[in-house]
Amino acid sequence: MLNLDQIWKQGLLWNSVGDWAVALVVFLAVLIGLFVIRRIFRARRRKWSESGQSVPLAFDLTSQLVEKTSRLFIWSVALYCAIEQLTLPDSNHIAHRINHGVDIVITLVFWYQAARWATATLRYAMGQRRRSVLGQEAALAGSMEIILFVAGAVIWALALLLALDNMGVAIRPLLAGLGIGGIAVALAVQAVLGDLLASMSIAMDKPFVIGDLLSVDTLTGTVEYIGVKSTRIRSITGEQIVVANSDITKSRIRNFGRMSERRVSFEIPVIHDTPVATLRAIPAVLRSVIEAAPRARFVRCNLLNLTETALRYEVVYFVRAPELAVYVEVQHGIMIAMMEKLRELRVQFPTPTQVPMPVLAPTQNPRN
């Protein structure tokens, strides 16, 4: 009957039972330890959040990376540490293939996790940037997804190439082949690539952000979403219009969301028989009306034209607000007050006369 020492030294798959036991203990210790560390970070972060204290930047970033650590990576790390306790001879074909397969799996899992960490770090940095720059949340919200998409594609491509390189794959011929194939793909999807480059231009140059009121060609509406391929605009008539980013960058854009104030200009016609004293009093009266209105800045009021039908005054002022609702409300109040003052001055507006169209008399028959 075998004693414990003999069982411990008993051979099993190129290693002793003791080596397999040690490897199992290491596997369980690393696996449980990593899960415990994750739980500690979660509990500590939850405690800080519930107490209302600000989480330190380094701990906050580390906890975000811990949250982005996949279970597959944790199991792979535990498996790698356990295999390091064993000896798999290269001379044995089966052991060599097992060892090689484990190396491939661990390499792929490692670079997969590295790409997730890099993407999470980039997203965290952009979130911190958005919170630190006040008044520009809309701009960063519109460009964040575009930048993350492009940067994420670069990160995952680099992770894949590095994983292939670590597995012994010659990536230089692969890159050359991808370059030739990339040209063919670029020619086939040049419209999509044009929209992608246009989205990057919008993200970096920021000609408009989410919430801006735009006028693009014959389209007028509010920006709701800026995507990788298209931008969604809510028209003033209510429908949503999807416009390709390349079409927007090629058009002339009028961005009403960047206005600090709105200019108002209109004409007031009066009849020719208006007394000269009244004509001289009109600019001062209208100026007093505009200056008394809230959020309005008077510019000028002049007798501009002497036409055959009327004497025309031009009134120009600014509404100190970019919002359309405020502009309409201020203009409404000013118009009502102007009408009251002009009626007090007994100013009359010219009334267009309708002249009937002449009717030609029927031609007489010369035979009658």
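**Entry 1. The hairpin of strand 3 and strand 4**

I looked up the hairpin of strand 3 and strand 4 in this predicted model. Two residues lie between the strands, and Asp217 takes a positive phi near 55 degrees. I noted that Asp217 is a residue other than glycine. Asp217 sits in the loop between strand 3 and strand 4. Is Asp217 buried or exposed? Its relative accessible area is 59%, and the cut-off for exposed is over 50%, so Asp217 is exposed.

I then checked the pairing itself. Strand 3 covers residues 213–216 and strand 4 covers residues 219–226. The two run in the antiparallel sense, with four bridges between them. On the strand 3 side I found Val216, which stands opposite Leu219 in strand 4.

**Entry 2. Strand 4 and strand 5**

I followed strand 4 to its pairing with strand 5, residues 230–235. This pairing is also antiparallel, and I recorded five bridges for strand 4 and strand 5. How many residues lie between strand 4 and strand 5 in their hairpin? There are three residues between them. For Tyr225 I looked up the bridge partner and found Arg232 in strand 5.

Ser235 belongs to strand 5 as well. I got a relative accessible area of 10% for Ser235, and the limit for buried is under 20%, so Ser235 is buried. I listed what Ser235 touches, leaving aside neighbours within four places in sequence. The contacts of Ser235 are Leu219, Thr220, Gly221 and Ile241. Leu219 was already in my notes as the residue opposite Val216.

**Entry 3. A second positive phi**

I also looked at Arg346, which is not a glycine and has a positive phi of about 60 degrees. Arg346 lies in the segment after helix 11 (324–344). With 73% relative accessibility against a cut-off of over 50%, Arg346 counts as exposed.

**Entry 4. Helix 2 against helix 4**

I turned to helix 2 (residues 17–51) and helix 4 (residues 71–83). Their axes come within 8 Å and cross at roughly 150 degrees. Angles over 145 degrees count as roughly antiparallel, and helix 2 and helix 4 are therefore roughly antiparallel to each other. I noted the hand of this crossing as right-handed. Helix 2 brings Ala23, Val26, Phe27, Val30, Leu31, Leu34, Phe35 and Arg38 to the contact. From helix 4 the residues are Arg71, Ile74, Trp75, Val77, Ala78, Leu79, Cys81 and Ala82.

**Entry 5. Helix 2 against helix 3**

I looked up helix 3 (residues 57–67) against helix 2 next. Here the axes come within 10 Å and cross at roughly 135 degrees. How are helix 2 and helix 3 set to each other? An angle of roughly 135 degrees falls outside the ranges for roughly parallel, roughly antiparallel and roughly perpendicular, and helix 2 and helix 3 are therefore oblique to each other. The crossing of helix 2 and helix 3 is left-handed, whereas that of helix 2 and helix 4 is right-handed.

On the helix 2 side I listed Arg38, Phe41, Arg42, Arg44, Arg45 and Trp48. Those residues meet Phe59, Asp60, Thr62, Ser63, Gln64, Val66 and Glu67 in helix 3. Arg38 appears in the contact with helix 4 and also in the contact with helix 3.

**Entry 6. Cysteines**

I checked for disulfides and the count came to zero. I then looked up two cysteines. Cys81, one of the helix 4 residues in the contact with helix 2, has 26% relative accessibility and counts as partly exposed. Cys301 has a relative accessible area of 7%, under the 20% limit, and so is buried.

**Entry 7. Val150**

I found Val150 in helix 6 (residues 137–166). Its relative accessibility is 22%, so Val150 counts as partly exposed. Which residues does Val150 touch, not counting residues up to four places away in sequence? They are Leu196 and Met200. Val150 and Met200 are 50 residues apart along the chain, and I noted 8.4 Å between their C-alpha atoms.

**Entry 8. Whole chain**

I closed with the totals. The secondary structure of the protein chain comes to 11 helices and 10 strands. The chain has 368 residues, of which 32% count as buried. Among contacts with a separation of 6 or more, residues 24 or more positions apart account for 62%.

Technical notes:
Residues numbered from 1 in each chain as written. Predicted model: local features only at pLDDT ≥ 70, side-chain atom pairs only at ≥ 80, totals over all residues. Heavy atoms only, no water. Pairing = 2+ DSSP bridges. Disulfide = S-S within 2.5 Å. Buried < 20%, exposed > 50% of the residue type's maximum accessible area, 1.4 Å probe, protein only. Axes fitted to C-alpha atoms, helices over the stretch in contact; angles between N-to-C directions. Parallel < 35°, antiparallel > 145°, perpendicular 65-115°, else oblique. Left-handed = near helix turned anticlockwise from the far one by under 90°. Contact = heavy atoms within 4.5 Å.
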